[in-house]
Amino acid sequence: MDQRQQELAARIAGRRGAVRGPFRVWLHSPEMCERAESLGAFARFDCSLPKHLRELSLLMAARNWDAQYSWNAHVHQAIEAGIPAAAVKAIAERCEAVFDDPADQAFYRFCKEVLEEHFVSDGTFADALSHFGAKGLVDTIGALGNFTMLGMCLNTFQVDLQPDKEPPFPDIRGHGRAAGGQAPELP
């Protein structure tokens, strides 16, 4: 690494504990790395969303892009932050997740429509806006965009699963779809 890459690596390791996953890729373009790290830090640590919803947006974007590394790095954090394990399992299986809290359900529906439909219905938008306000929805889009970029990077550069982790999605093996493209039943 040149001096600029070393400086960035030291800063990333200082904030995140080590240079892992996408940062090992992004360091090839120090300017991109610096900006991606800044947006990622905002989305994960500083945006207006509560922690459990920041983690939920990460899991939803990770599943949308089949980004196993990202999912595995955050699935336990999401559960610890308050995302129900049943909802996490449903998202991993591409099933409908259900949340007891109306705000969490509105957030889930909003993110799901953005990721899957690329648009948000008027009713979903109004419901999410009533819970999170304009700032919260802008921060949600920023988080989803950041976590989408993360998933794209991890898959494109084939960042391997953490060696001690199981593949999280029933229909993905390695960096591709499982044979037949059908999701086997999870235990």
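A polar contact, as I use it here, is a pair of N or O atoms within 3.5 Å; within protein, one must be able to donate a hydrogen and the other to accept it, and residues adjacent in sequence count only if both atoms are side-chain atoms.

**Ground rules.** I am working on a predicted model, where local features need pLDDT of at least 70, side-chain atom pairs count only at pLDDT 80 or more, and totals for chains, interfaces and linings use all residues. Residues are numbered from 1 along each chain as its sequence is written, and side-chain values use heavy atoms, with hydrogens and water left out.

**Entry 1, Asp-2.** I started with Asp-2, in the segment before helix 1 (3-16). Helices here are DSSP runs (H or I, at least four residues), numbered from the N terminus. A polar atom of the Asp-2 side chain lies 2.8 Å from the backbone nitrogen of Gln-5. I also looked up accessibility: Asp-2 has a relative accessible area of 41%, so it is partly exposed. My cut-offs are buried under 20% relative accessible area, exposed over 50%, and partly exposed in between (1.4 Å probe, protein chains only). His-28 is 26 residues away along the chain, and its C-alpha atom is 10.0 Å from that of Asp-2.

**Entry 2, Phe-45.** Next came Phe-45, in helix 3 (residues 30-46). With 35% relative accessibility, Phe-45 is partly exposed. Beyond its neighbours within four places in sequence, Phe-45 is in contact with Arg-15, Arg-16 and Arg-54; contact means heavy atoms within 4.5 Å.

**Entry 3, the core.** I then asked which residues have the most contacts inside the largest nonpolar core. They are Leu-56 and Trp-71, in a core of 50 residues. Such a core is a set of buried Ala, Val, Leu, Ile, Met, Phe, Trp, Tyr and Cys residues joined through side-chain atoms within 4.5 Å. Helix 8 gives the largest share, nine residues. Outside its neighbours within four places, Leu-56 touches Ile-83, Ile-91, Phe-99, Phe-107 and Tyr-108 by the contact rule.

**Entry 4, helix 7.** Two of those partners, Phe-107 and Tyr-108, are among the buried residues of helix 7. Helix 4, helix 6 and helix 8 are included in what covers the buried residues there. At the N-terminal end, Asp-101 is the cap, with a side-chain oxygen 2.7 Å from the backbone nitrogen of Ala-103. I checked the length too: at 1.5 Å a residue, the 16 residues should span 22 Å, and the end C-alpha atoms are 21 Å apart, which agrees. The expected span is 1.5 Å times one less than the number of residues. Just after the helix, His-118 has a positive phi of about 70°.
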